[in-house]
Amino acid sequence: MTLSVGGVVSFAAGAVGSVVRLVRRLVNPSAARPAGRGSPASGWLAVTVLREPSEVDIAALPAPLAELGGRVEARTRPAPGGKGTELAARLRDRPPGGSPAARLTGRDPQADLRSALRQAKQVLEAGEVLAVDPAPHGKRPPTPGGLLLEAWTKVAPKAGVR
Amino acid sequence: MKAVTWRGVNKIGVEDVPEPTILNDHDIILEVGLSTTCGSDLHLLGGYIPAMRAGDVLGHEFMGTVVEVGHGVTKHHVGDRVVVVSFIGCGQCWYCRQGLWSLCDNGNPNPGITEALWGQSIGGCFGYSHAMGGWAGSHAPYIRVPYADQGAFAIPDGVSDERALFASDAAPTGWTGAHQAGVEAADVVAVWGAGGVGQMAARAAMLMGAERVVVIDRYDNRLEQVRTHIGAETLDYEQVDVPGELREMTGGRGPDVCIEAVGMEAHSPGPQYLYDQVKQQLRLQTDRPTAVREAIYACRKGGTVFTLGVFAGLVDKFPLGAVMNKALTLRGAQQHGQRYVPQILEHMSRDELRTEHLATHVMSLDDGPKGYEMFKNKEDGCVRAVFRPGA
Ligand SMILES: NC(=O)c1ccc[n+]([C@@H]2O[C@H](COP(=O)([O-])OP(=O)(O)OC[C@H]3O[C@@H](n4cnc5c(N)ncnc54)[C@H](O)[C@@H]3O)[C@@H](O)[C@H]2O)c1
Ligand SMILES: [Zn+2]
Ligand SMILES: [Zn+2]
């Protein structure tokens, strides 16, 4: 494979452009705005963790979030209805460029934070980050469709609707 | 080790793949005893769920023997005979705690794909594409099972492998449909599809006290299985007008609960079949919802329609007017197996649930391509092709 991962990803984004546009309309009614202005100004990403607020200590966050260090700020609040604690985090320095398409393909500035937040939730709830690789598989010929999917799979842990 | 893999649209292979290893503390490694084809695999085979990569190991309905356990596993030991639920649930998130296991927040390491499609991601599933986590499937001698204390269940002595196998997917799917659709004593329940899933939904409805259960299909051998092994009534949709017949059976009301167990590749005898197929092939709709439409028309006012059949994206000509004006409840779900397997295994031990008749063709992994061919085309009365990796 001669393309870099980034190259494959942008190829992926191009080839699935119409799907992404469709999905964009589905997930974000305001997606008619130009790309780059899609991300919410506040920048908070959030997950709800089934733990008491006292058990989600932002001074001692699980490794995946802690590793981002001073780049992020975090906050918590109780979730209604016994659903646990809402854990939110955002980049202190928020560059522009989080269009819905970039978010769906994990290429936005918050991509690493999004996956760190999901992993932190896993650590708090299930005690560890679930690993899927290496999963047994057979021969994978480098077809365009296959490479596209592989690229999307690689970024899928970081990708999301917001 | 040898495994049955997806090689492309309508292409199944048998090839060498590496053996799985324990990656998380809550994993076990299972030596697969039996692993079956499921109607859901046909959607992968046909390319309707476009997140399969050539070389992916297929199979998500299986049982076997524990050969290795991770440090965090407390319920299982080497040598235990267990059946494993197709969906991977952590048991600790809010959804798992609500019993909505297939919605687990933590079981799918690739949440970005289904979030893009549906707005939220659901749990992971063995052998069911990279959208559902990229987990290797069970058509192989060994499989890694994460969150094993939650997803693997000891098989009671006296329940055969062939019976227990279907406590992995077909039976819990049927239980999910009947229970979540709110089947109650004295209900009349209609089930579309007499495959493994439809048959199990019918049996679940009967055990939940339904007054009358009717299963609809066009294959004689499957309808015959429903009458002999499940004990429900049947209708052949090529012989009768299904909504009319159901109305007559229910004093003009229509069934209280309609369970659809057909899915996105539904067949129909009318001209709309051609319409749906062309639109699906042109990618103007991703799914053919024939049976759901019929279920909505047939259902009594204020009744419930439940889609157990798998749908991936968008459908066309959806009778929303009937849903709204008849005050229907429309629900669906992937199976919440971890919630239902204990009661299913009890029913199996008491002979109240028999499933071995579903395994019409048992074969070795080498016969993978032939097994899928037979299952897809329903050749020789095939209801499920089952692989025995040890054979
Ligand atoms: N919700 C879940 O968790 C879950 C789990 C397993 C399977 N499934 C889905 O359930 C569906 C059925 O699975 P299966 O293994 O029984 O499949 P199957 O292919 O063995 O059976 C499907 C049956 O539907 C019948 N059918 C087709 N069109 C019909 C129509 N218009 N009216 C009535 N019957 C019709 C077919 O003749 C066939 O007998 C599939 O879509 C599968 O993906 C869902
Ligand atoms: Zn299945
Ligand atoms: Zn969970």
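## Helix packing in chain B

In chain B, helix 6 places B:A171, B:P172, B:W175, B:T176, B:H179 and B:Q180 against B:G337, B:R339, B:Y340, B:V341, B:Q343, B:I344 and B:H347 of helix 13, where contact means heavy atoms within 4.5 Å and helices are DSSP runs (H or I, at least four residues) numbered from the N terminus. The residues of this contact divide into six nonpolar, six polar and one charged; Ala, Val, Leu, Ile, Met, Phe, Trp, Tyr, Cys and Pro count as nonpolar, Asp, Glu, Lys and Arg as charged, and the others, Gly among them, as polar.

The axes of helix 6 (residues 170-180) and helix 13 (residues 337-349) of chain B come within 9 Å and cross at roughly 105°, which makes the two helices roughly perpendicular (65 to 115 degrees).

## Basis of the model

This is a predicted model, in which local features need pLDDT of at least 70 and side-chain atom pairs count only at pLDDT 80 or more, while totals for chains, interfaces and linings use all residues. Residues are numbered from 1 along each chain as its sequence is written, chains are lettered from A and ligands numbered from 1 in the order in which they are written, and side-chain values use heavy atoms, with hydrogens and water left out.

## Zinc site

The zinc ion (ligand 2) is coordinated by B:C38 (SG), B:H60 (NE2) and B:D169 (OD) at 1.8 to 2.2 Å, donors being N, O and S atoms within 2.8 Å of the metal (3.2 Å for Na, K and Ca). Along the chain these donors follow the spacing C-x21-H-x108-D. Both B:C38 and B:H60 are buried, that is, under 20% relative accessible area (1.4 Å probe, protein chains only).

Note on methods:
Buried means under 20% relative accessible area, exposed over 50%, partly exposed in between (1.4 Å probe, protein chains only). Axes are lines fitted to C-alpha atoms, for helices over the stretch in contact, and angles run from 0 to 180 degrees between N-to-C directions. Angles under 35 degrees count as roughly parallel, over 145 as roughly antiparallel, 65 to 115 as roughly perpendicular and the rest as oblique.
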